[in-house]
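Got your viewer open? Let's take a short walk through this one, one selection at a time.

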Amino acid sequence: MMRRGFQVAARLGHHRAFLRAPRLLPRLNPASAFGSTTDTLVARFCQEKKDVKDFALPNASWCPDMLSTYQEFLEKTKASTWIKLPSFKSNRDHIQGFKLPLGLTVTSDKNDWRNFTRCIQVEGQGYEYVIFFHPAEKKAICLFQPGPYLEGPPGFAHGGSLAAMMDETFSKIAYLAGEGLFTLNLNIKFKKLIPLGSLAVLNVEVEKIEDQKIYISCVAQSRDEQTVYAKSSAVFLQLKLEEEPSQ
């Protein structure tokens with residue numbers, strides 16, 4: 001995804017449509033500038049779909065810490081301060097009726113598409129995670145339980161799996177916070193290894209939105225906050241999704 005972001009950024013630098021786009025000043029509200037409020041983006045992204053499976057629901061593989069923390073944040077959603085984000089097989093399911101801007105499309109059988117962090121279909125073997133988002137404060141919590149297929153050092157998660165999980169969480173929050181679509185930069189400092197099958201809590205915050213860029217940070221740690229696994233930051237490019245032409 002990072003390489004794709006750089007390719008897109010390079011392409012945008014030469015695209016006439018991008019050159020005609022208004023520059024966002026630091027004090028300008030990016031949501032109004034792009035025509036979508038956070039509430040609108042959340043409503044679009046979190047639509048209920050009876051015919052599409054939500055993978056961000058508890059299953060038998062979840063460890064006790066994962067389950068109890070999930071229930072804790074699920075209770076917070078009742079106060080309308082936090083929102084549980086659904087996680088479908090493909091981002092196409094999240095943004096039905098819209099497409100990537102500037103003709104960034106590819107041709108393929110749609111049944112082949114699957115998010116990287118949802119590519120392992122056996123429960124508990126790969127990425128088990130759920131993201132909760134706080135729209136007003138533009139922050140998020142991702143509960144991540146790495147399975148045995150994500151092993152790096154024996155018994156521990158591969159560092160790349162945590163990097164992918166951070167980037168996936170960043171991408172969802174960047175979009176909901178201000179239509180951030182592509183990773184321009186991702187920096188990670190690893191500190192401790194995550195035991196396979198255990199819970200890592202990713203605390204994500206939007207630091208600022210300016211100049212058509214969204215700046216985000218993350219601290220991944222144990223549930224009791226005594227162990228920090230990694231710290232990271234990212235920059236996302238702000239672009240508005242285009243509506244699909246009506247049939």
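**Stop one: a hidden space**

Sort the residues lining the largest cavity by type and you get six nonpolar, one polar and three charged. Keep in mind as you look that this is a predicted model.

To see that lining yourself, select Ala56, Leu85, Pro86, Ser87, Arg118, Tyr129, Val130, Ile131, Glu168 and Lys172. Two elements each supply two or more of these residues: strand β3 (127–134) and helix α7 (159–178). Which element gives the most to the lining? That would be β3, with three residues.

How is such a space found at all? Rolling a probe the size of a water molecule over the atoms shows where empty space is left. Here, the largest cavity holds about 60 Å³ of space, and the count of cavities of 30 Å³ or more comes to one.

**Stop two: zoom out**

Clear the selection and switch to a cartoon view. You're looking at seven helices and nine strands. The protein has 247 residues, and 46% of them are buried. Now turn on the surface: its accessible area comes to about 12,900 Å², with 52% of that belonging to carbon and sulfur atoms.

Next, think about which parts of the chain meet. Take the contacts with a separation of 6 or more: 72% of them are between residues 24 or more positions apart.

**Stop three: one face of a helix**

Go to helix α4 by selecting residues 38–45. Then color its buried residues, which are Thr38, Leu41, Val42, Arg44 and Phe45. Look down the axis of α4: these buried residues fall within an arc of 160°, so they line one face of the helix. The spacing along the chain helps you picture this. An α-helix has 3.6 residues a turn, so residues three or four places apart point the same way.

**Stop four: Thr77 and its neighbors**

Last selection: Thr77, in helix α5 (residues 64–77). Is Thr77 buried or partly exposed? Its relative accessible area is 23%, so Thr77 counts as partly exposed; the cut-off for buried is under 20%.

Now show what Thr77 touches. Leaving out residues up to four places away in sequence, the list is Trp82, Ile83, Lys84 and Phe132. Finish with a distance check: pick the C-alpha atoms of Thr77 and Phe133, and you should find them 9.3 Å apart. Along the chain, those two residues are 56 residues apart.

Methods
Residues are numbered from 1 along each chain as its sequence is written. This is a predicted model: local features need pLDDT of at least 70, side-chain atom pairs count only at pLDDT 80 or more; totals for chains, interfaces and linings use all residues. Side-chain values use heavy atoms; hydrogens and water are left out. Helices (H or I, at least four residues) and strands (E, at least two) are DSSP runs, numbered from the N terminus. Buried means under 20% relative accessible area, exposed over 50%, partly exposed in between (1.4 Å probe, protein chains only). Contact means heavy atoms within 4.5 Å. Accessible areas come from the Shrake-Rupley method with a 1.4 Å probe; for residues, only the protein chains shown count as cover. On a 1 Å grid over the protein atoms alone, a cavity is a set of points where a 1.4 Å probe fits but cannot get out, and a pocket is an open set with protein on both sides within 12 Å along at least five of seven lines; lining residues have an atom within 4 Å of a point. Grid points are joined across faces, edges and corners, and a volume is the space filled by probe spheres set on the points. Ala, Val, Leu, Ile, Met, Phe, Trp, Tyr, Cys and Pro count as nonpolar, Asp, Glu, Lys and Arg as charged, and the others, Gly among them, as polar. The arc is that of the directions from the helix axis to the C-beta atoms.
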